[in-house]
Amino acid sequence: MGNITSRFPNLITIPKLLWLLAGIVILIIPPISTTATITMVSRIMIFAVYAMAYDILRGYIGIIHLGFALFIGGGTYFVAILFANVGISIPILLLAIVGTTIYSIIWALIVGKIAAKSGLLATAMITMAFAEIMRNMMERWRTVTNGLDGLTFRVPAPFDNRTFMYYACFVFLLLMAFALYKFTTSPTGRVWQAVRENEQRAVFLGYDTNRARTIALLVSGVVAGLAGVMFALLNRFANTDVLAMQMTYNAMLYSLVGGSGSLFGSIIGSAVVVLFQNFLLDLRGVHFIFERWLIFFGSLYILVVIFMPKGIMGFVETIRERWKHKKGGKIYES
Amino acid sequence: MSLKKCIVLFLTLSMFAVMAACGESAPAGGGSGGEGSPLRIGAITSLSGALQSYGEDFQRGFYLGLEYMTNNTFTVAGRPIEIIWEDTTNTPDVARERTLSLLERDRVELVTGFASSGDAMASLALFEEFRTVAVIDPAAADAIIAAPNWNEYIFRTGRTSGQDALAMVSVLQNLHPEGGVTVATLAPDSTFGFAMVDPFIAAAEAAGFDVLLTEFIPPDATDASPQLLRLRSAAPQYLYTIWAGPNSPWIQIDELDLQGAGVTLITGAPERDALAAMIPLGQMGGIGFCVYYYTLPQNQHLNDWMVRRHFEEHNMAPDLFTSGGFAAASAIITALEITGGVTDPDVLIPTMRGMEFNTPTGMRYFRYEDHQAMQDLFEIDFTWQEGDEYMVPSFRRVIGRDEIVPPILNGR
Amino acid sequence: MLGDVILRTENLSIQFGALKAVNDISISIEKKKFTTVLGPNGAGKTTFFNLISGLYKPTSGKVYFKDQDITAYSPQKRIHAGMGRSFQLTNVFPDLLARENVRLAVQSAARIGFKLFKSYKGYNRINEETDRLLKDMLLEDKADVKAGDLTHGEQRKLEMAMVLAQNPEILLLDEPTAGMSVEEVPVMIELLQRIKDKGDTTIVLIEHKMNMVKALSDTLIIMVHGEFLCEGDPESVSQNPEVMAAYLGGGAINVSA
């Protein structure tokens with residue numbers, strides 16, 4: 001072992017070992033856990049993708065999209081409506097995916113046009129209205145969607161196997177994280193950050209900032225829509241809650257708790273929030289004080305806002321900076 | 001990959017490890033219903049969020065129901081009862097996961113609850129998958145007993161929206177046995193509104209009534225004058241107004257003097273918080289139906305007991321969803337006494353099908369085809385007197401359960 | 001007018017409500033010359049720059065750049081046509097590293113388009129050019145500091161580096177030494193002199209520091225109340241009585257001293 005590490009110092013490093021460990025843990029969860037846990041972790045992974053997509057807008061290009069639920073909601077409803085009314089099969093799933101992608105592209109282009117003409121706040125309010133329009137439409141179209149009561153449906157094999165679904169979510173997370181990582185470290189991703197920092201300067205460096213914005217919206221919207229497809233496959237249920245403000249708040253919460261401007265932060269944020277909620281709900285049985293779990297939940301956010309305004313990743317970054325300055329020690333390269 | 005990410009990764013992994021470990025510590029013993037072994041019931045409802053008060057009412061009623069039905073022993077057929085409560089947080093995907101947890105980790109033999117129809121709908125398939133009977137109260141969506149959502153493990157003690165609609169029609173038919181009635185509806189533009197209006201229109205038309213107008217108001221609108229003015233000029237004999245939540249239209253109806261145009265208001269009386277908003281209705285007067293108000297049940301021993309005990313325990317009168325919780329408990333205990341504590345669905349389902357059980361509003365029974373409880377509702381006057389904190393429903397007559405048989409929607 | 005004209009305005013005006021911030025200005029800027037625009041505060045100098053660089057649309061008039069009518073061009077198009085613009089209030093990307101600020105400028109000039117898949121670190125030419133510019137501006141040891149954490153003078157230098165990254169044919173510099181400390185100003189002057197000496201860039205400057213204006217300018221343009229007052233070499237302009245009246249109510253501008 002000693003020979004290998006001295007010859008190939010970059011091959012076996014602590015960070016890489018930890019990644020490997022994380023991967024192993026995630027891979028072995030299904031055989032050793034209850035279905036509820038498997039479902040919960042699947043949900044975390046889907047929400048992680050949703051939060052990353054949201055953060056492309058908020059953390060990278062700097063758009064506040066208060067109607068972001070309309071993307072994940074669109075994906076969920078395409079699957080739900082097709083499965084409940086047309087049929088349950090893989091080809092129909094593919095049709096839903098195509099439909100979701102087109103739907104997301106259309107909405108991304110619309111918001112892109114509006115954001116080019118209007119300021120940050122106006123765009124935020126208008127996007128909120130858009131989500132509400134979609135939600136209202138799905139409520140009115142009750143013969144097909146059942147509104148708030150919702151639609152149940154079966155899912156095609158092999159997605160009806162929860163373990164398969166879990167691994168599918170894992171692969172989905174890896175693919176989307178990889179794609180978004182590529183995008184955010186690409187030249188375009190750097191332009192996104194420039195637009196967020198100082199759009200006027202970016203314009204006067206010669207960048208077509210409207211185009212950069214539209215590309216961000218397209219990427220973000222399509223990814224969130226796909227997360228919606230996975231969400232429907234997991235829950236086998238869809239109701240208008242998926243287009244409601246709460247669903248947009250979820251994206252904001254997960255990305256802010258984890259740390260905006262960092263893809264990894266969105267993943268961590270989703271995990272922390274969902275696990276914490278679950279943890280509190282589990283504790284109900286232990287002591288009646290936990291019946292008011294929302295109080296603890298709310299306290300978490302107050303603590304995060306006060307002590308970790310830049311989210312968990314930001315907090316860790318701050319600690320690392322201080323540690324670096326104190327010790328002047330070695331820093332692991334990213 | 002930076003050190004910061006390593007630290008965070010470590011923390012997350014530890015959390016995962018804890019969760020996985022906790023997930024496996026299922027309580028020992030119990031499960032298949034042997035003589036004397038604890039009977040684990042999973043009770044899951046909205047204990048936080050918008051419907052929190054419904055869930056808490058259900059909780060109180062459920063306990064009182066168990067107390068009464070087991071003679072305060074909390075055992076049935078020699079098996080001590082253990083209840084595990086879960087909070088759906090009024091979110092369907094969380095509801096589903098918590099139900100899953102009850103079924104798989106806690107291995108409950110029965111499930112009861114669900115205040116929100118969305119929560120219930122998201123969980124229905126699990127009962128078939130885990131072969132566990134569920135007794136639903138008060139989630140009222142017709143969709144729950146409709147194809148393709150329903151399965152034979154689902155029983156509902158609570159009423160369905162279809163019964164509400166038929167009750168309203170029954171009230172009118174009773175007033176006008178000769179027919180020739182004109183009606184209109186006013187409801188929020190939401191799933192709740194549609195769920196009440198659609199079956200009412202169907203039932204009203206089937207009864208030969210003339211439906212003049214159906215008006216909808218956006219739920220957050222503060223001004224309903226366009227709708228009310230149209231209704232005023234259409235001047236139906238009866239206006240069925242449905243509302244829940246803030247911005248209720250009662251005051252505006254009074255201001256625009258629909259009654260002066262000959263319109264009589266009819267509606268269903270809901271739980272106490274909503275009755276508080278209906279004081280103008282009590283002042284104007286009107287007629288309607290009520291699912292439960294604690295003074296309405298006549299000569300119902302269970303209700304007298306529940307009211308008395310509820311005042312003792314909680315210093316207030318029981319409400320609509322309290323009665324529902326009591327009814328769920330009653331159905332469960334009644335069934336288990338018959339089966340001798342056996343919860344195996346092959347035994348329990350045939351037992352519960354068609355079974356009669358006693359509740360604060362009278363005897364109910366589960367319909368064979370869809371396991372929906374057939375139950376009496378009440379015809380009421382809207383009254384209000386100086387000093388009343390809310391509109392008080394006043395008894396007129398019992399709307400018999402055979403008058404309000406909703407359509408069978410699950411294809412049987 | 002001797003020499004080629006690189007930038008020309010024709011009856012350029014912009015009106016904000018009742019205020020004519022720039023009124024009917026027709027001037028020509030000679031190629032490769034150093035022109036300074038002078039005028040009291042509120043004279044409309046920055047507004048004039050905004051019109052030339054495309055931040056504002058004129059209510060009437062035209063702008064010509066290299067004999068082409070660019071009045072309808074977007075700011076980005078003008079930048080890519082060869083204009084460079086620095087701002088009166090420092091205009092950098094505060095939360096990004098100094099190096100990244102410059103790199104973004106170089107990336108734009110490289111016109112690689114909206115690539116999504118290659119890592120931004122992989123563009124060697126861009127990286128090398130970034131290092132060169134940072135070195136030129138004596139900012140190499142501050143390269144890994146966030147732009148917002150730099151001193152005011154360093155931020156100004158950073159902005160200059162970003163503007164120069166575009167290799168512009170004409171530089172529009174709006175008070176580049178504003179807010180700089182006494183030690184930092186000569187560095188900026190020296191830089192401008194270097195660019196001037198190289199002889200391939202046209203420079204248009206807005207400034208108030210007279211010693212700097214005197215040392216560098218080939219031509220002065222005076223603006224008052226949004227209007228063109230006069231133009232000429234520093235000597236003759238400083239003798240112009242109208243100029244004296246406008247500036248100091250009678251006193252001479254101390255340009256020749």
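Begin by selecting chain C and colouring its residues by burial: in this predicted model, buried residues make up 42% of the 257 residues in the chain. Next, display chain C as a cartoon, where nine helices and eleven strands can be traced. Aligned along the principal axes, the C-alpha atoms of chain C fill a box of roughly 60 × 40 × 35 Å. The radius of gyration of chain C is 19 Å, which agrees with the value near 18 Å for a compact globule of 257 residues. Turn then to the contacts within chain C between residues at least 6 apart in sequence: 66% of them join residues at least 24 apart.

Keep chain C visible and add chain A. How many residues does each chain bring to the contact? Chain A contributes 22 residues and chain C contributes 25 residues. On chain A, select helix H8 (162-184), helix H9 (187-197), helix H10 (199-203) and helix H11 (209-235), each of which supplies at least two residues to the side that touches chain C. Among these, H9(A) gives the most, with six residues. Coloured by residue class, the side of chain A that touches chain C shows nine nonpolar, seven polar and six charged residues.

Finally, move to chain B and select helix H3, residues 92-105. Its 14 residues should span 20 Å at 1.5 Å a residue, and the end C-alpha atoms are 19 Å apart, which agrees. Is H3(B) enclosed or open to the outside? Since 14 of its 14 residues are buried, H3(B) is largely enclosed by the rest of the structure. Just after H3(B), select B:Arg107, which takes a positive phi of about 50°.

Terms used. Residues numbered from 1 in each chain as written. Chains lettered and ligands numbered in written order. Predicted model: local features only at pLDDT ≥ 70, side-chain atom pairs only at ≥ 80, totals over all residues. Contact = placed C-beta atoms within 7 Å. Helix = DSSP H or I, 4+ residues; strand = E, 2+ residues; numbered from the N terminus. Nonpolar A, V, L, I, M, F, W, Y, C, P; charged D, E, K, R; others polar. Rg over C-alpha atoms; globule rule 2.2 N^0.38 Å. Buried ≥ 20, exposed ≤ 12 C-beta atoms within 10 Å, placed from the backbone. Expected span 1.5 Å × (residues − 1).
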